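Colleague: Could you take one part of this model and go through it closely, strand by strand, and then place it among the other elements around it? I would like one connected account rather than a list.

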Amino acid sequence: MLAALFVMTGIALVLGVALGYASRVFKVEGDPLVDKIDAILPQTQCGQCGYPGCKPYAQAIAKGEADINRCPPGGEEGIRKLADLLGKEFKPLDAEAGVEKPKSVAVIDENTCIGCTLCIQACPVDAIVGSSKQMHTVVAELCTGCELCVAPCPVDCIHMEPVTETIENWKWKYPVAEIKERHAA
Amino acid sequence: MIATLFRFKGGVKPETHKDCSTRQPIARAPLPSRLIVPLHQSAGGTPRPLVEPGQAVLKGERIGAADGNFSAAVHAPTSGVVKALAPHVMPHPSGLSALCVVIEPDGADRWIEREPVNYRSLAPDELRDELRDAGVVGLGGAVFPTHLKLKPSQGGRTETLILNGAECEPWITCDDMLMRERAEVIVRGGAVMRHILQSERVLIGIEDNKPQAIEAMRTTVARLGETMEVVAVPTRYPAGGAKQLIKVLTGIEVPYGKRSQDYGVQCFNVATAYSVWHALERGEPLISRIVTLTGNVERPRNFEVLIGTPLEELLPLVGPLPDTDRYIMGGPMMGFPLPSASVPIVKATNCIIAASPALFPPPPPEMPCIRCGACATVCPHELQPMELYWFARGKNFGKAQEYSIFDCIECGCCAYVCPSHIPLVDYFRFAKSEIWSREKEKAAADAARSRFEFRNERQEREKREKAERLAQKTAGARAADAKRALIAAAIERARAQKEQVQPRNTDNLTPEQQAEIAEAEARRARIRAMAQTPPEKPL
Amino acid sequence: MITSPHVYLPVSVRAVMAKVLVALVPGIAAYVWFFGGGILVTLALATLAALAAEALMLKLRGKPLAMFLTDGSAAVTAWLVALAFPPLSPWWLIVAATLFAIVVAKHLYGGLGQNPFNPAMAAFAVMIVAFPGLMSQWPAAAQPLPFAEQLRIMFAGARHLDAMVMATPLDALRTAFASGEGRATVATALAAYPGGGLMAGKGWEWIALGYAVGGLWLLQQRIFTWHVPTAFLGTLALISGAFHVAAPERFATPLFHLFGGAAMLGAFFIATDPVSGAITPRGKLIFAAGAALITYFIRVFGAYPDGVAFGILLMNMCVPLIDMKTQPPVFGRKDGNP
C-alpha cells in the first residue's frame with residue numbers, strides 16, 4: 001500500500017517536472033492560432049467583417065469575440081475551413097456582413113478620373129497608382145476586389161469588374177461521375 | 001550502332017489505326033477563305049499584336065511579336081488583309097476564346113522578303129533570337145518555344161540530341177509521313193540543332209511500326225553523310241513521350257521539375273527539326289504544319305495546312321461520315337474534343353480525328369475502384385494512380401502532391417486499362433489545376449497581406465513622424481519663448497542696476513563736466529535705442 | 001465533356017470476377033469427386049443468400065441494382081465462404097456466414113472496393129469464434145456419402161453420424177501433440193489418422209491442387225501479379241521447412257502445410273483479393289509473407305483448425321501502413337539516378 005503510494009507520487013512528480021520542462025523548452029512563440037486563422041482569410045482587407053483588415057478579424061476570432069461567418073470574400077469554403085480549424089459548427093454567411101460575390105477587380109474610368117487621390121488613400125493594399133491631379137489606375141494583379149475605393153470616389157469613376165475566365169486561368173472541373181447520379185438520370 | 005535499348009516501365013498497346021492515313025502522300029490544303037491566327041500559340045507569354053485591322057500583310061510577315069524571351073512570334077500564313085483583331089473560340093478543352101488576327105487572303109500568296117541565315121556564321125544567341133522571331137515551337141503537341149530548348153547544358157554542349165519520330169499515339173501519322181517524304185530537311189534541321197547544341201551524338205528514335213519512315217531516314221542520313229543513328233524503338237504507348245524516349249535511348253530518367261539538358265540530353269520532334277531548317281536556311285517562319293485528318297472520314301490523309309485555317313474548311317477534303325458527332329484534336333489517348341468546327345488549326349494541331357459513337361464508344365458506367373492495381377502496372381511514370389485517385393477524389397491535395405501527382409503526364413494509360421472505367425486522368429487534371437490555382441491564390445493572398453501590413457506600417461510611420469515633427473516644433477517654440485524671457489529679464493536687470501548705480505559724483509560738477517556728461521548720456525540713449533530696435537536684416 | 005482517353009481496353013469488374021469464379025472450378029470439381037455433390041448445394045445456397053443480401057443492401061444504400069448485382073463480387077464472396085467452410089455445414093451456418101460477409105464485412109464498410117477485411121474470411125473468423133464445434137467437424141474423405149444423406153445432414157441437422165465427422169489432418173496433429181504427453185511424433189500421429197493422403201489430407205490435397213491450377217490460370221490472365229501467391233506459399237514452405245528440419249518428429253513437412261488446409265485457396269484466391277490486400281509490389285510481398293507466417297504459427301501452436309483466415313485478416317489490418325511505407329519510387333526519383 002505504502003509502496004504503491006510512493007510509486008504513484010514518484011510518477012506524478014517525474015511527470016510534473018517533465019511537463020514543466022517541456023512547456024519551457026517547446027514554448028511556442030507568438031499566437032499560432034491567429035496566424036492559422038489569418039492564413040485562411042482571403043486577405044482582401046475589405047473590412048466587411050467589421051474589423052479593419054483580415055488580421056484584426058483573425059485576432060477577434062481567436063479571442064472568441066467574433067463569429068466565423070463574417071467574411072463574404074472567403075465565402076462558404078472559408079467558413080468551412082475556419083469551422084474545421086476551430087472545431088466549430090459550420091454556419092452560413094452572416095448576411096449583415098455582406099454576400100458572397102464572384103471575385104472582381106476595381107477599374108478606374110480614366111476619362112472621368114480627376115486625380116483626387118481619395119481612392120489611393122482608401123486602397124488597403126496600395127494597388128492604385130497615380131498622384132495628385134494626375135490620372136489614377138488600378139494595378140489589376142494587386143487588386144483584392146475589396147471595393148473600398150468605390151465609395152470615396154467623388155466622380156463615381158470606379159466600378160468593379162468580375163474576373164473573367166480565360167484559357168490561362170481556366171480550371172478542369174471535378175469529374176461529376178457519381179454512380180448514383182448517372183443512373184438516376 | 002546503338003548497343004542496347006532501355007525499357008520504360010508500364011505503357012499500353014492500343015490499336016494503332018495508322019494505315020488508313022498513310023496510303024496517300026501529303027497534300028497541300030487549298031487556301032481557305034479566311035485565316036484565324038491566334039496570337040498565343042506557344043507555351044509562355046502571349047505575343048503582342050503588330051498589325052491593325054485593315055492593314056495589308058505579306059506571307060511570313062510577323063503579326064505578333066514574342067512577349068519577352070519565354071514566348072514565340074506568330075506570322076501571317078499568306079498575303080492578304082487583316083480583317084479583325086478579335087477573340088475567337090480556341091482549340092482548347094475549355095472552349096474559351098482568345099485574341100486572334102483574322103486575315104482575308106488576297107490569293108497572291110506573296111512572300112515577304114525572306115532572309116536566310118547562315119547558321120554557321122551566327123552566334124548561338126543570335127540563332128536563338130532568329131528562331132524565336134520565326135515562331136518555331138515544338139510541333140509534337142506541347143508547343144514549347146524551341147529556342148529555349150536549344151541551349152546547351154552547362155559546360156557548353158548537350159552531349160546527346162534526340163529527334164523524336166516515335167509518334168506513339170494511335171491514328172496520328174503526320175510525323176511518319178513527314179519522315180517518309182521530307183527526310184532530307186529533317187536531317188539537315190537536325191544538323192543545325194546539333195551545331196547549336198554542340199552535340200556529340202544524334203539519335204533519331206522511331207517506333208518500329210513505321211518501317212518506311214525508318215528506311216527513309218536511314219538512307220537520307222547515309223546519303224548526306226551525317227553521323228546520326230536512326231533507332232527503331234519498340235512500339236508501346238507512350239514511347240513518344242519525351243521522357244520515355246530519352247529513357248529508351250539513353251537509359252536516363254529525367255524526373256519532374258528537371259530539364260533534360262541538365263542530364264546532357266535534349267529531345268525535339270522531327271517536325272520541329274524540319275521547321276528549324278526552314279526558318280534559318282530559307283528564312284521562312286513557321287506558318288504551316290502537317291496535320292493528319294482521319295477517323296470517321298471517307299478519305300483519311302495528311303495535309304500541309306496553313307496555321308489559322310478553320311477546321312470546317314478542311315473537312316470537305318476528307319469527307320466526314322454522317323454519324324460523326326465530334327472532332328478530337330490530338331490522338332485518342334490524350335486528345336480532346338474540339339468545342340466547334342470553326343476553330344483554327346494551330347501549331348499544336350498534329351491530328352484531327354472525326355469521332356462517332358461507333359468508332360469511339362463512350363466508356364461504360366464508372367464503378368468503384370477495386371484496387372486491382374492495373375493502373376499502377378501501366379503507369380510509365382511509376383506512380384500509384386489508385387492512390388492519387390483516392391486523394392484527388394477526396395480533394396486531399398496535400399497528399400496528392402506527396403504522392404507525386406505532378407509527375408503524371410496525363411498519358412491516359414491508367415484510364416485505358418481500368419476495369420472500373422474510372423476517368424482517372426480527369427481526376428488528376430482536376431487536382432492539378434486546383435492545386436495550381438490554389439497556389440496562385442495563396443501567393444496573391446500572401447502578397448496582399450504583406451502589402452497591407454506594409455501600408456499599415458507606412459501609415460503608422462507617417463503618423464509617428466508627423467507627431468514627432470509637431471512635438472519638435474512646439475518644443476522649439478517653447479525654447480524660443482524662454483530665451484526671449486531670459487533676454488528681457490537680463491535687460492530689465494541691467495536697467496534696474498543702471499538705475500541703482502546712479503553716479504554719485506554728479507553733484508558738484510563743472511559746466512564742462514555737465515556738458516560732457518550730457519553728451520555721453522545722449523550717446524548712451526542713442527545706443528540704447530539702437531539696441532532696443534533690432535536691425536531689420538543683418539548686414 | 002468527353003475527355004481523354006477516348007479508347008478503353010474491353011475489361012470490366014464483371015469480367016475479373018467471372019474469371020475468378022471460373023478459376024475456382026477445378027478445385028470445386030475435385031471437391032465433388034472426393035466429397036460428393038453436397039458442396040454444389042452449399043455453393044448455390046451461399047450464392048443465393050449473397051445475392052439477396054447484396055440486393056437488399058444496394059437498395060438500402062440507394063445504389064443502382066442492375067449494375068452492382070451483376071458485377072459478380074457477391075458471388076465470389078459466396079463461393080469463397082462455401083469453399084472455406086467445412087463440407088456439409090448446416091444450411092443456416094452458411095447463410096448466416098454469407099449474410100455477415102455481405103452485409104457487415106462488405107456493405108457496412110462502404111460496399112465494393114471499400115472493405116478493409118476480406119468478407120469471406122471475416123465471416124469465417126466470426127463463425128469459428130461463435131461455433132467452434134461446428135467449424136471443426138470435417139467429413140472423412142474419399143468416401144462420399146450418398147447425396148440424399150448429405151442433404152439430410154445439411155438441412156435436417158442430422159449430425160448423429162459421428163463416424164463420418166472427423167478432424168482435419170492439421171487438427172489431428174494438434175490433438176495428438178496435446179494429448180500424447182510428449183510421445184507423439186508427426187509420423188505416429190499421421191499413421192494413426194485415417195484421413196491421411198500422399199501429402200496432406202486425403203482428397204484435400206487434390207482439391208488444393210485444383211485451386212493451384214485455377215490460380216495459375218488467373219496469374220496467366222493477369223488478374224493478379226506473382227507477388228502474393230509466391231510470397232505466401234514461399235514463406236509457408238520456408239518456415240515449415242525450417243521447423244521440419246530442426247525437429248522432424250514434431251513439425252510436419254512443407255508439403256503437408258502447402259497442400260493441407262486452406263493454404264492454396266488462401267494463397268491464390270483470398271490473399272490476392274485486391275480490395276483488402278496490399279497494393280504496392282513490395283507491400284504485396286510483405287502482406288503475403290506476414291499472412292503465411294501467422295497462418296503457420298496458428299496452425300502449429302494455436303488452437304484453431306487452420307490459420308489462413310486469421311493470418312489474412314490480421315495482415316488486412318496492416319495494409320494501410322504497409323502500402324504507405326512501401327510506396328515505390330517514381331520515374332526519375334530512384335536511387336542512383338542523379
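Modeller: Two strands are said to pair if DSSP finds at least two bridges between them, and that is the sense in which I use the word throughout. Please keep in mind that this is a predicted model.

The part I would choose is strand β9 of chain B, which belongs to an open sheet of four strands in the order β11-β10-β9-β12 (chain B), with parallel pairing. At the edges of this sheet are β11 and β12 of chain B, each of which pairs on one side only, and the twist from one strand to the next averages 25 degrees. Strand β9(B) is joined to β10(B) by five bridges, the two strands running parallel, and five bridges likewise join β9(B) to β12(B), again with a parallel run. A single residue shows both of these pairings: B:L163 has B:I204 as its bridge partner in β10(B), while in β12(B) the bridge partner of B:L163 is B:F268.

How many of the five residues of β9(B) are buried? Five of the five are, so the strand is largely enclosed by the rest of the structure. The cover extends to both faces, since B:T160, B:I162 and B:N164 on one side and B:L161 and B:L163 on the other are all buried.

Two helices of chain B can be placed against this sheet. Helix α4 (residues 183-197) of chain B lies across β9, β10, β11 and β12 of chain B, and its direction makes an angle of about 150 degrees with β9(B). Helix α6 (residues 242-250) of chain B is mostly covered, with nine of its nine residues buried; among them are B:L245, B:I246, B:V248 and B:L249, but also B:K243, B:Q244 and B:K247. The buried residues of α6(B) pack against β9 (160-164), β10 (201-207), β11 (228-233) and β12 (265-269) of chain B. Just after α6(B), the backbone at B:G251 takes a positive phi of about 85 degrees.

Chain B also holds an open sheet of six strands, in the order β1-β14-β13-β17-β15-β16, where the pairing is mixed. Its edge strands are β1 (27-28) and β16 (336-337) of chain B, each pairing on one side only. Within this sheet, β13 (residues 288-295) and β17 (residues 351-355) of chain B run parallel and are joined by four bridges, and B:G295 stands opposite B:A354 in β17(B). Helix α8 (residues 311-318) of chain B lies across β13, β14 (301-306), β15 (326-329) and β17 of chain B, running at about 150 degrees to β14(B).

The six-stranded sheet leads on to the neighbouring chain, as β15 and β16 of chain B are among the elements that give two or more residues to the side that touches chain C, along with α12 (413-417) and α13 (424-500) of chain B. In total, 45 residues of chain B are in contact with 32 residues of chain C. The largest share of the chain B side, three residues, comes from α12(B), and by class that side divides into 31 nonpolar, eight polar and six charged residues.

Chain C itself has 16 helices and two strands. Buried residues make up 51% of its 338 residues, and of the contacts in chain C with a separation of 6 or more, 74% are between residues 24 or more positions apart. One helix pair there deserves a mention: helix α15 (residues 281-301) and helix α16 (residues 308-325) of chain C pack at an angle of about 150 degrees, their axes lying 8 Å apart. That angle makes α15(C) roughly antiparallel to α16(C), and the crossing of the two is right-handed. The α15(C) side of the contact includes C:G283, C:I286, C:F287 and C:G290, and the α16(C) side includes C:F310, C:G311, C:L314 and C:C318. By class, the contact of α15(C) with α16(C) has 14 nonpolar, four polar and one charged residues.

To return to the part I began with, β9(B) is bridged to β10(B) and to β12(B), and α4(B) lies across it, while the buried residues of α6(B) also pack against it.

Terms used:
Residues numbered from 1 in each chain as written. Chains lettered and ligands numbered in written order. Predicted model: local features only at pLDDT ≥ 70, side-chain atom pairs only at ≥ 80, totals over all residues. Buried ≥ 20, exposed ≤ 12 C-beta atoms within 10 Å, placed from the backbone. Contact = placed C-beta atoms within 7 Å. Axes fitted to C-alpha atoms, helices over the stretch in contact; angles between N-to-C directions. Parallel < 35°, antiparallel > 145°, perpendicular 65-115°, else oblique. Left-handed = near helix turned anticlockwise from the far one by under 90°. Nonpolar A, V, L, I, M, F, W, Y, C, P; charged D, E, K, R; others polar.
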